[in-house]
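Let's practise reading charged pairs in a protein. Take each exercise one step at a time, and try it yourself before you read the solution.

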Amino acid sequence: MSTQAPLYNNPEFDQYAEDYDAALAKGLSVSGESKDYFAEGRAKWLGQCLQRLRVEPDTILDFGCGTGSATPYLLKLTGAKKLVGVEVSLQSIKVAERIHGAPNVQFKLSSEYQPNGEIALAFCNGVFHHIPLSERPGAVKYVFDSLRPGGFFALWENNPWNPGTRYVMSRIPFDKDAITLSFLETKRLLRSAGFGIERTDFLFIFPRSLSVLRPFEGLVRGLPVGAQYQVLARKPPG
């Protein structure tokens with residue numbers, strides 16, 4: 001049975017495609033870091049998690065890839081050979097192709113990509129808080145059906161329990177009306193689609209002004225205090 005593309009559509013992001021980085025930087029400026037700091041940090045942490053599981057994904061799906069900011073970092077994961085980025089904003093796709101296009105990279109509208117059960121790792125950052133509540137189960141199913149048996153899904157979201165996160169989002173035009181998900185809601189959503197939960201981690205606790213404390217973040221990754229969290233889930237092997 002074929003899986004339909006997510007029904008949600010967010011043409012709002014077409015108007016931000018060319019200025020997305022500037023809009024995001026306005027919010028992130030309070031942390032003292034750029035979007036690349038966070039993009040690299042997410043990929044590095046994911047890479048460490050996969051190494052502990054002895055997983056080397058060859059094919060990656062970036063669900064809600066936006067303008068492709070995560071692409072170069074995801075392709076540095078051990079074993080990565082090919083990446084497909086899917087997105088609902090056509091203008092964002094065009095920007096991604098211009099900046100990050102490569103022979104082993106494809107960017108497509110989500111309506112153009114048909115899940116085929118061949119992806120080893122799906123990645124998603126800050127997308128689900130933009131998806132209407134009624135359409136989130138369909139979006140998770142889209143990812144589930146894209147993965148091969150035993151494939152992994154790294155779902156990153158903004159932590160609504162962190163006051164700094166809420167403040168940053170209030171400064172970003174396209175995040176002001178977002179409906180955030182707690183890590184508990186995210187795990188329930190993933191389980192309802194058939195995923196098993198491997199682990200949950202919270203990152204980005206200290207801003208740049210307190211960077212001297214960052215080496216200690218590893219001690220509290222399990223506490224819901226970081227600005228973002230990752231829920232690493234797995235599709236049953238068979």
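**Exercise 1.** Is R221 buried or exposed, and which of these words fits E217?

Solution. Start with the cut-offs: buried means under 20% relative accessible area, exposed over 50%, and partly exposed in between (1.4 Å probe, protein chains only). R221 is buried, and E217 is buried too. Next, look at how they pair: R221 and E217 form a salt bridge, with their closest N and O atoms 3.8 Å apart. The term stands for a side-chain nitrogen of Lys or Arg within 4 Å of a carboxyl oxygen of Asp or Glu.

A note on the model: it is predicted, so local features need pLDDT of at least 70 and side-chain atom pairs count only at pLDDT 80 or more, while totals for chains, interfaces and linings use all residues. Residues are numbered from 1 along each chain as its sequence is written, and side-chain values use heavy atoms, with hydrogens and water left out.

**Exercise 2.** Find the salt-bridge partner of R199 and describe how accessible each residue is.

Solution. The partner is D201, and the closest N and O atoms are 2.7 Å apart. R199 is partly exposed at 26% relative accessibility. D201, at 4%, is buried.

**Exercise 3.** Which parts does the salt bridge between D58 and R148 tie together?

Solution. First, the distance: the closest N and O atoms of D58 and R148 are 3.2 Å apart. D58 lies in the loop between α3 (35-52) and β1 (59-63) and R148 in strand β5 (residues 147-158), so the pair links parts 90 residues apart in sequence. Helices (H or I, at least four residues) and strands (E, at least two) are DSSP runs, numbered from the N terminus. Finally, D58 is partly exposed at 26%, and R148 is partly exposed at 29%.
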